[in-house]
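Open the model in a viewer with secondary structure shown as a cartoon. The stops below can be selected one after another.

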Amino acid sequence: MDDLNFREATTFDVCFLVDTIIEAEKSGTDKLSYSTIFGLTEKESRRYLKEMLLEEINGCELSISSFMVAEKDGQAIAAISAWIEGIEGIPSAVLKGNLLNFTLPKVCVERALKLNPILQELHIDYIPGTIQKGAGYVLSRFRGNNVLGLMTNEIISRLIKINPGIKSIYTQIYGNNFRAINANSKVGFEIVLTKKSKTSEIELYLPSNHKVLMKKDL
């Protein structure tokens, strides 16, 4: 697509970034894990996600600094996130966990802790010193133009300039999200791990009972 401008996200993009996180997390379903796991409405999830992004904690999937936005004619039409795992000296999972504990009501955190044994069945650790690609989203009328493919290449290029020694980029995708899996395959990612839950109850909380880890060597 012509006339696209790629730029780093700012606090002025926060509502669009919340849309990006939510749509990516739903993975083509109506199941939002932030709502099902923490016992929140989608409206409440949006509010808390906005609060966490505005804390501006770098180095995790809930960092504004992890996002890049694509604009066309001055309008944000797409966003993608990626970060270098552990670049802040702390695992991104710890940073995200701290944000959740700080922001969400105690009852929500306690609910999530009770579900943790089930959710851990699909947990895949991030590898320190690698690029982790997170949420991606394109407004529906601009899909089919390889926007996320172009953005993936651009955000990888920008992160490599920060740390030229990086050799690999990973992304985790729910197994039902065939569109995302195919899109990543087209830009050089390969499935290197598949995890499937043996607990049927997990589909009450997540979009799928399995997840794939995809890798691209740089």
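**Two loops, then the sheet**

Begin with Asn 146, which sits in the loop between E4 and helix H6 (147-162). This is a predicted model, and the backbone of Asn 146 has a phi near 60°, a positive value in a residue other than glycine. Most residues other than glycine have a negative phi. Is Asn 146 buried, exposed or partly exposed? Its relative accessibility is 47%, so Asn 146 counts as partly exposed.

Select Glu 56 next. Glu 56 belongs to the loop between helix H3 (42-54) and E2. Its phi is near 55°, again a positive value in a residue other than glycine. Glu 56 has a relative accessible area of 48% and is therefore partly exposed, since that class lies between 20% and 50%.

**The sheet**

Now colour the strands. Seven of them form an open sheet, and the order across it is E1-E2-E3-E4-E5-E7-E6. The pairing is mixed. Which strands lie at the edges? They are strand E1 (4-8) and strand E6 (190-196), each of which pairs on one side only. From one strand to the next the twist averages 25°.

Two pairs are worth displaying with their backbone atoms. Strands of a sheet pair through backbone hydrogen bonds, either parallel or antiparallel.

- E6 and strand E7 (residues 210-217): the pair is antiparallel and has six bridges. Pick Leu 193 and look across to Leu 213, its bridge partner in E7.
- E4 and E5: the pair is parallel and has three bridges. Pick Lys 133 and look across to Thr 171, its bridge partner in E5.

Stay on E5 and turn on its side chains. How many of its seven residues are buried? Six are, and E5 is mostly covered.

Move to Ser 81, in strand E3. Ser 81 has a relative accessibility of 1% and so counts as buried. Leaving aside residues up to four places away in sequence, Ser 81 touches Ser 66, Phe 67, Gln 132, Lys 133, Gly 134, Ala 135 and Ile 155. Lys 133 is thus a contact of Ser 81 and also the residue bridged to Thr 171.

**Helices across the sheet**

Select helix H1 (residues 14-26). H1 lies across strand E2 (67-72), strand E3 (75-84), strand E4 (131-138) and strand E5 (168-174). Its direction is at about 100° to E4. H1 has 13 residues and reaches 18 Å from its first C-alpha to its last, close to the 18 Å expected at 1.5 Å a residue.

Which residues of H1 are buried? They are Val 14, Phe 16, Leu 17, Val 18, Thr 20, Ile 21, Ile 22, Glu 25 and Lys 26. An α-helix has 3.6 residues a turn, so residues three or four places apart point the same way. The cover over the buried residues of H1 includes helix H2 (33-38), H3, E2, E3, E4 and E5. Step past the end of H1 to Ser 27, which follows the helix and has a positive phi, near 50°.

For another helix on the sheet, select helix H7 (residues 178-186). H7 lies across E4, E5, E6 and E7. With respect to E5, H7 runs at about 160°.

**A pocket and a cavity**

Show the surface and select Ser 65, Ser 66, Ala 82, Leu 159 and Ile 162. Of the 17 residues that line the second largest pocket, these are the closest to its centre. The volume of this pocket is about 390 Å³. E2, E3 and H6 each supply at least two residues of its lining. H6 gives the largest share, four residues. Ser 66, among the residues closest to the pocket centre, is also one of the contacts of Ser 81.

The last stop is enclosed. How many cavities of 30 Å³ or more are there? The count is one. It holds about 40 Å³ of space. To display its lining, select Tyr 34, Phe 38, Leu 40, Ser 45, Tyr 48, Leu 49, Met 52, Leu 100 and Leu 104. H2 and H3 are the elements that give two or more residues to this lining. H3 gives the most, with four residues. H2 and H3 are also among the elements that cover the buried residues of H1.

Note on methods:
Residues numbered from 1 in each chain as written. Predicted model: local features only at pLDDT ≥ 70, side-chain atom pairs only at ≥ 80, totals over all residues. Heavy atoms only, no water. Pairing = 2+ DSSP bridges. Axes fitted to C-alpha atoms, helices over the stretch in contact; angles between N-to-C directions. Contact = heavy atoms within 4.5 Å. Buried < 20%, exposed > 50% of the residue type's maximum accessible area, 1.4 Å probe, protein only. Expected span 1.5 Å × (residues − 1). 1 Å grid on protein atoms, 1.4 Å probe; cavity = no way out; pocket = protein on both sides within 12 Å on 5 of 7 lines; lining within 4 Å. Points joined across faces, edges and corners; volume = space filled by probe spheres on them.
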